[in-house]
Amino acid sequence: MRKPDGKIVLLGDMNVGKTSLLQRYMERRFPDTVSTVGGAFYLKQWRSYNISIWDTAGREQFHGLGSMYCRGAVAVILTYDVSHPQSLAELEDRFLGLTDTASKDCLFAIVGNKVDLTEEGAPEGREGEGCSPRQAGGGPTSPRVPKQVRLEDAMAFYKKILKYKTLDEKNVPAAEQMCFETSAKTGHNVDLLFETLFDMVVPMILRQRAEELSQTVDITSYKPPKRTRSGCCA
Ligand SMILES: Nc1nc2c(ncn2[C@@H]2O[C@H](COP(=O)(O)OP(=O)(O)OP(=O)(O)O)[C@@H](O)[C@H]2O)c(=O)[nH]1
Ligand SMILES: [Mg+2]
């Protein structure tokens with residue numbers, strides 16, 4: 001298997017729908033999930049590049065693994081549940097620090113999932129596609145509730161991330177481009193999320209490759225230093 005050219009990591013509290021988002025995108029379905037243990041990854045070929053997408057466990061007991069998964073990541077998807085404000089707060093309190101090991105120009109996407117549960121939710125055109133009978137997280141008849149987390153709150157968090165990373169707003173994608181509301185259940189905005197990120201990380205992968213090449217020593221042009229009689233180098 002060829003080494004992946006870049007790594008994208010999904011982070012967020014348990015139950016926000018990280019595994020479901022990834023399965024919706026990669027397998028085009030919304031199956032029952034079990035709470036993730038440790039982490040798992042999918043490989044996605046995008047143009048001529050291999051991108052690994054890592055699904056991590058949101059459960060507190062696996063927290064320590066998060067920074068390991070983030071090592072060298074070109075993008076991190078910070079996921080919350082639009083019907084649970086605490087899940088957005090957790091991103092700042094518990095998950096942002098885990099991204100310190102990511103690549104220095106790592107991109108951040110903030111994703112509010114389960115928008116189908118809310119009154120403003122996504123159209124359910126793809127409802128039922130590949131769904132299993134349990135349909136956890138609310139079936140077609142479940143009452144819709146007002147959205148608990150506004151997109152503006154996610155955008156404010158994005159700006160806090162830029163501050164935390166001491167990044168200049170002018171040099172990074174705008175909050176409007178990087179904050180998404182999705183539904184793994186209906187598929188709303190799921191392709192848009194992943195494919196926007198893939199397109200954004202390709203130039204980063206190329207830049208990283210160029211940097212690696214420039215750091216490679218060309219041994220054919222290497223000239224050994226002259227030796228003096230005492231055996232020291234001149
Ligand atoms: N209504 C609705 N339910 C969802 C959606 N995404 C996930 N769920 C449900 O939410 C629950 C948790 O989903 P997971 O994808 O397992 O959540 P997770 O973030 O991977 O959780 P951990 O692995 O424990 O960190 C499951 O019952 C899913 O069916 C969504 O977009 N809408
Ligand atoms: Mg999971």
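This is a guided tour of a predicted model, one selection at a time.

**Stop 1: the whole chain**

Begin with the protein chain in cartoon view. Six helices and six strands make up its secondary structure, and from the N terminus on they follow the order β-α-β-β-α-β-α-β-α-α-β-α. Colour by accessibility next: 47% of the 234 residues count as buried. If you like contact maps, keep this in mind: among contacts with a separation of 6 or more, 76% are between residues 24 or more positions apart.

**Stop 2: the magnesium ion**

Now select ligand 2, the magnesium ion. Which protein atoms coordinate the magnesium ion? They are OG1 of Thr19 and OG1 of Thr36, at 2.0 Å. These two residues bring together distant parts of the chain, since Thr19 sits in helix H1 (residues 18-27) and Thr36 in the loop between H1 and strand S2 (39-46), 17 residues apart. Thr19 and Thr36 are both buried.

**Stop 3: helix H1**

Stay with Thr19 and extend the selection to H1. Eight of the 10 residues of this helix are buried, so H1 is largely enclosed by the rest of the structure. The buried ones are Lys18, Thr19, Ser20, Leu21, Leu22, Gln23, Arg24 and Tyr25. What lies over them? The cover for the buried residues of H1 includes strand S1 (6-12), S2, strand S3 (49-56), strand S4 (75-81), S5 and H6. Just past the helix, click on Arg28: this residue follows H1 and has a positive phi, near 60 degrees.

**Stop 4: where H1 meets H6**

Show H1 and H6 together and hide the rest. Are the two helices roughly parallel or roughly perpendicular? Their axes are 9 Å apart, and they pack at an angle of about 85 degrees; H1 and H6 are therefore roughly perpendicular to each other. For the side chains, display Leu21, Leu22, Arg24 and Tyr25 on the H1 side, which meet Val190, Asp191, Phe194, Glu195 and Phe198 on the H6 side.

**Stop 5: Phe194 and the nonpolar core**

Keep Phe194 selected and bring the rest back. The largest nonpolar core has 59 residues, and Phe194 is one of those that touch the most other members, along with Ile8, Leu78, Ile110 and Tyr158. Helix H6 (residues 190-214) gives the most to this core, with 10 residues. Beyond its neighbours within four places in sequence, Phe194 is in contact with Leu21, Leu22, Tyr25, Ile53 and Ile77.

**Stop 6: Tyr49, another view of H6**

Select Tyr49, in strand S3. Tyr49 is buried, with a relative accessible area of 11%. Measure to Phe198: the two residues are 149 apart along the chain, while their C-alpha atoms are separated by 9.5 Å. Setting aside residues up to four places away in sequence, Tyr49 touches Arg2, Asp5, Lys44, Val202, Ile205, Leu206 and Arg209.

**Stop 7: two positive phi angles**

Open a Ramachandran plot if your viewer has one. Most residues other than glycine have a negative phi. Arg47, although not a glycine, has a positive phi of about 55 degrees; look for this residue in the loop between S2 and S3. Asn189 is not a glycine either, and its phi is positive at about 65 degrees. The place to find Asn189 is the loop between strand S6 (179-181) and H6. Arg47 is exposed, with a relative accessible area of 56%, whereas Asn189 is partly exposed at 25%.

**Stop 8: the cysteines**

Select the cysteine sulfurs. How many disulfides does the whole structure have? A search finds zero. Why is Cys106 not bonded to Cys70? Cys70 holds the closest cysteine sulfur to that of Cys106, but at 7.4 Å it is too far for a bond. Cys179 is in no disulfide either, with the nearest cysteine sulfur, that of Cys106, 14 Å away. Cys106 is buried, with a relative accessible area of 7%, and Cys179 is buried at 6%.

**Stop 9: Glu119**

Finish at Glu119, in the loop between strand S5 (107-113) and helix H4 (151-164). Which residues does Glu119 touch, not counting those up to four places away in sequence? They are Arg144, Val145 and Pro146. For a last distance, pick the C-alpha atoms of Glu119 and Lys147: they are 6.8 Å apart in space, with the two positions 28 residues apart in sequence numbering.

Terms used:
Residues are numbered from 1 along each chain as its sequence is written. Chains are lettered from A and ligands numbered from 1 in the order in which they are written. This is a predicted model: local features need pLDDT of at least 70, side-chain atom pairs count only at pLDDT 80 or more; totals for chains, interfaces and linings use all residues. Side-chain values use heavy atoms; hydrogens and water are left out. Donors are N, O and S atoms within 2.8 Å of the metal (3.2 Å for Na, K and Ca); water is not among the atoms, so sites may look incomplete. Helices (H or I, at least four residues) and strands (E, at least two) are DSSP runs, numbered from the N terminus. Buried means under 20% relative accessible area, exposed over 50%, partly exposed in between (1.4 Å probe, protein chains only). A nonpolar core is a set of buried Ala, Val, Leu, Ile, Met, Phe, Trp, Tyr and Cys residues joined through side-chain atoms within 4.5 Å. Contact means heavy atoms within 4.5 Å. A disulfide is a pair of cysteine sulfur atoms within 2.5 Å. Axes are lines fitted to C-alpha atoms, for helices over the stretch in contact, and angles run from 0 to 180 degrees between N-to-C directions. Angles under 35 degrees count as roughly parallel, over 145 as roughly antiparallel, 65 to 115 as roughly perpendicular and the rest as oblique.
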